[in-house]
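This briefing examines selected features of one protein–ligand model. Its topics are the ligand site, a sheet and a loop residue.

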Amino acid sequence: MSKSDVDVVVVGAGFSGMYLQKRLRDAGFSYRVLEAGGDVGGTWYWNRYPGARCDISTTDYQYTWDPELHEQWSWSEKHAAQPEILRYAQFVANKHDLYSGIDFDVRVNDAHWNDDTKRWSIHTSTGETIVCRHYVMATGCLSVPKEPDIPGADRFRGGVYVTGRWPHEGVDFTGMKVAVIGTGSSGIQSIPHIADQANEVVVFQRTPNYSIPAFNGPPPQYRVDRLKADRAAYHAEARQSTSGVPVNLPTMSALSVPRETAHEMLEKAWQKGELLELGTVFNDVGINRAANDVVAEFLREKVRAVVKDPATAELLSPRKHPYGTKRPCMDTNYFETFNLAHVRLVDLNSSPIRTITETGIDFGDESHDFDAIVYATGFDAMTGAIVGVDITGKDGVTLKKKWEHGPQNYLGLTTVGFPNLFMITGPGSPSVLSNMMVSIEQHVDWITDTLVDMRDGGFDTIEPTPLAEEAWRRHCTDCADITLFQETDSWYMGANVPGKPRVLFPYIGGVGRYRRICDEVRARDYLGFVLEGAGKRQVNDGPVREIQPDVEMVVDMMASLGLPPIESMSPTDARAFSEASSAMRPRGPEVGEIVDGVLPGAGGDLNYRLYRPASPGPHPVVVYFHGGGWVFGSHVSDDPLCRALCSLADVVIVSVDYRHAPESRFPAAADDGYAALTWVADNIAALGGAPGQLAVAGWSAGGNVAAVAAQTARDSGGPTLRGQLLLTPVTDGSRQHRSHDENASGYVLTKSLMEWFWNHYADPADRTNPKASPLLAADLSGLPPTMIVTCQFDPLRDEGDAYAEALAAAGVPVRHLRARGHVHTSITMVDMLPSGVGPRRQMAEALAGFFA
Ligand code: N01
């Protein structure tokens with residue numbers, strides 16, 4: 001093969017391109033590495049502004065693939081400065097003879113896929129055409145500075161500097177009047193240094209940022225000690241962590257401790273001077289605005305403690321965006337700089353820039369002359385470098401066109417219509433939300449291993465399927481939806497570049513989860529990919545993750561506990577276990593009033609708990625039956641869900657117990673359910689309810705009791721019901737539905753547990769009785785309007801679906817929510833799983849709608 005016809009072209013010789021070259025060479029592939037800069041280092045080659053440093057500790061921001069490097073290179077500081085990181089890159093490149101494989105000062109102008117030859121043609125700025133089988137964009141996430149978008153920017157005749165393209169010879173600001181525009185990481189790092197030299201500095205701030213002091217010094221001793229004790233274990237932990245740095249995972253809500261205690265805990269984390277520490281003190285900072293505000297206020301207090309002028313301190317205090325939804329910064333003397341007499345802060349919200357002139361900046365009602373303007377205005381992040389090159393895939397479609405509405409991709413690595421194109425740390429991968437070194441190594445390894453697999457298997461091309469790509473988009477969105485990220489206009493959301501689609505560009509599901517998914521794709525014979533070679537085609541289509549990410553965490557956590565299955569316990573032990581588990585959960589929202597009482601059941605008194613909204617009554621009343629497979633649970637066991645429904649729907653919930661099996665078998669629960677319903681109907685006014693405004697609801701076995709009660713009321717001339725809400729109900733004990741096998745295990749409620757419930761509740765002969773299996777009732781017409789919620793990963797899914805369909809066929813108005821990615825229990829886990837919020841809101845809407 002000639003130099004112009006190779007297996008792989010790699011664009012970029014930063015840390016990604018360098019390691020990729022090493023792996024490709026070791027694996028025996030021919031390759032070219034093209035680099036626009038004059039040296040290795042990527043981001044650390046270009047970002048030479050004063051104060052540029054890495055925010056991740058040097059114990060973690062370094063390669064792990066060459067163990068010798070740890071002995072041969074030692075870092076001078078906890079947060080290495082740009083020159084040292086560049087020297088490290090050069091050291092590695094020399095050690096591994098990487099320079100010889102890189103063409104410097106070469107840009108790729110365009111790249112075209114030829115579907116006949118199954119090869120890419122790459123045209124470079126030097127006029128060369130390189131043909132290759134595989135094309136890898138190792139171009140970095142923050143490599144294309146954002147174009148200055150301020151009127152008059154091209155008129156200014158003084159010095160113009162962009163942090164991301166800093167002159168190699170440096171800039172001496174001594175004696176100058178300098179304007180700095182932008183207060184992200186680059187601005188916050190450079191402003192104190194510019195202020196050290198300049199006569200006058202005016203900082204133009206549009207959005208204040210959260211920043212913590214770096215407390216730079218030697219690398220953190222506790223990390224050094226852990227690395228020395230067991231380097232492999234440390235790296236393994238980093239690879240399975242959330243952000244690519246080993247940190248203790250928080251278990252506590254920021255709202256579960258008094259403010260003072262929370263601030264004491266945050267203070268300890270703040271003192272460490274590590275980027276990820278503050279965000280990992282509490283487990284709900286990223287998902288709950290009130291919890292987030294505990295951290296935000298702690299940081300605002302820190303600003304007030306440093307900045308002497310209260311008005312300036314307030315301007316420097318972020319209030320609009322939640323902590324972490326823009327990249328938090330680390331600084332050295334940033335806030336202190338605003339105490340200097342020659343440094344001024346201009347708030348662009350009250351004094352916008354009108355125009356830049358030949359000699360300075362006109363803002364608010366002022367005109368100010370400057371010798372230099374520094375743009376610290378950020379990057380066209382994640383996709384700028386990738387679509388900046390004209391990449392044309394199958395059928396002449398460009399990547400820019402395909403990504404017009406969002407960067408559709410599979411695993412952040414590949415994209416439909418562009419065979420054999422790979423991206424390193426692309427959109428849809430953890431990338432910028434992680435320690436880049438860990439993510440880079442993982443991507444390089446995955447890509448190289450894939451190329452080796454293809455070569456071994458005789459495949460020439462690899463391309464994701466549309467189904468896999470769409471499922472990945474959904475999974476990324478599911479992960480983003482449970483966080484606060486989408487509330488903020490940030491570069492993570494593409495909001496800093498006009499016209500960019502608004503999506504969360506990086507994958508927020510975590511480095512460890514992402515790695516497991518990528519590994520699974522390979523282990524499952526390239527799930528979601530089409531591979532083709534001479535006379536061969538392999539398609540293994542399918543979505544790689546459908547379960548909601550927070551639900552998956554709970555399911556994984558429960559599996560890791562290794563608890564005995566409930567069906568191996570006696571009913572007494574199962575009840576004790578269920579009560580103990582319930583005691584640990586959040587209690588749910590406040591309601592106006594809670595009243596406990598007793599009502600007559602079919603076989604004796606039944607306990608009930610009434611939840612009343614805070615709003616003035618009388619309210620509609622919903623009689624609710626708890627879950628627990630007719631064997632365990634009580635009138636208080638679904639307390640958080642009842643509170644949530646009461647407060648969201650503004651209705652009274654009366655949660656009633658019923659007799660349990662095996663002591664009281666079929667039809668005890670059904671009879672008690674109906675008895676309770678009639679008693680509440682008869683006493684509705686005394687309970688503070690509006691007469692005639694009655695509905696029934698239940699979850700799981702309680703959904704069965706509710707459905708049966710509704711049928712009995714219809715058939716026995718009982719109370720008129722305005723509606724029934726059935727959450728993952730048991731509707732059919734007579735036969736196996738497909739979901740019993742599909743979701744037989746691994747999703748909390750198992751097929752064998754369901755059998756155990758049925759065995760305790762009803763003899764096989766009784767299970768076809770509509771009082772046990774409401775789906776089997778001869779006539780389903782005349783039942784009240786119904787909402788049914790079924791969950792994708794629930795053994796009971798299909799019988800719930802079947803009931804919804806049968807009711808609709810019988811003319812009953814039915815609202816059917818198929819809760820995607822949920823398991824039998826997840827929607828009841830109030831204040832634990834954010835993905836349950838939407839379904840619960842819909843359930844409450846349905847309840848309120850029954851009475852509208
Ligand atoms: O860029 P940014 P950055 N008029 O986009 C403002 C990584 N990094 O280069 O927020 C006025 O964060 C803009 O205002 P607003 C790190 O991941 C890492 O600082 O859009 N202002 C914002 O204040 C980081 O997040 C390290 O309202 C304008 C600023 O410019 C990422 O790179 C060091 C404006 C841009 O902030 C990017 O950081 C440096 C306008 N027209 C960077 N346009 C370390 O590891 C934009 N702004 C240490």
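Which residue has an N or O atom in its side chain 3.0 Å from an oxygen atom of the ligand? In this predicted model, that residue is Trp 491, whose side chain places an N or O atom at 3.0 Å from a ligand oxygen. The protein buries 89% of the 900 Å² that the ligand exposes when taken alone. The points below describe the surroundings of the ligand, then an open sheet of three strands, and finally the buried residue Gln 62.

**Ligand surroundings**

- The shell around the ligand holds 25 residues, and those that come nearest are Arg 53, Asp 149, Ser 186, Thr 207 and Lys 326.
- By residue class, the shell consists of nine nonpolar, nine polar and seven charged residues.
- Helix H5, which spans residues 185–197, supplies three residues, the largest share of this shell.

**Polar contacts of the ligand**

- Lys 146 has a polar side-chain atom 2.9 Å from a nitrogen atom of the ligand.
- Thr 183 approaches the ligand through its backbone: one of its backbone N or O atoms lies 2.9 Å from a ligand oxygen.
- Trp 491, by contrast, uses a side-chain N or O atom, at 3.0 Å from an oxygen atom of the ligand.

**The sheet S13-S14-S15**

- Three strands, in the order S13-S14-S15, make up an open sheet with antiparallel pairing.
- Strand S13 (353–356) and strand S15 (366–369) are the edge strands, each pairing on one side only.
- From one strand to the next, the twist averages 20 degrees.
- S13 and strand S14 (residues 360–363) run antiparallel and are joined by three bridges.
- Among the bridge partners, Thr 355 is matched with Asp 362 in S14, and Ile 353 is matched with Phe 363 in S14.
- The two strands S13 and S14 form a hairpin, with three residues between them.

**Gln 62 in its loop**

- Gln 62 belongs to the loop between helix H2 (43–46) and helix H3 (67–72).
- The relative accessible area of Gln 62 is 7%, so this residue counts as buried, the cut-off being under 20%.
- The Gln 62 side chain reaches the backbone oxygen of Thr 58 at a distance of 3.1 Å.

Conventions:
Residues numbered from 1 in each chain as written. Predicted model: local features only at pLDDT ≥ 70, side-chain atom pairs only at ≥ 80, totals over all residues. Heavy atoms only, no water. Near = heavy atom within 4 Å. Polar contact = N/O pair within 3.5 Å; in protein donor to acceptor, adjacent residues only side chain to side chain. Areas by Shrake-Rupley, 256 points an atom, 1.4 Å probe, with all protein chains shown as cover. Helix = DSSP H or I, 4+ residues; strand = E, 2+ residues; numbered from the N terminus. Nonpolar A, V, L, I, M, F, W, Y, C, P; charged D, E, K, R; others polar. Pairing = 2+ DSSP bridges. Axes fitted to C-alpha atoms, helices over the stretch in contact; angles between N-to-C directions. Buried < 20%, exposed > 50% of the residue type's maximum accessible area, 1.4 Å probe, protein only.
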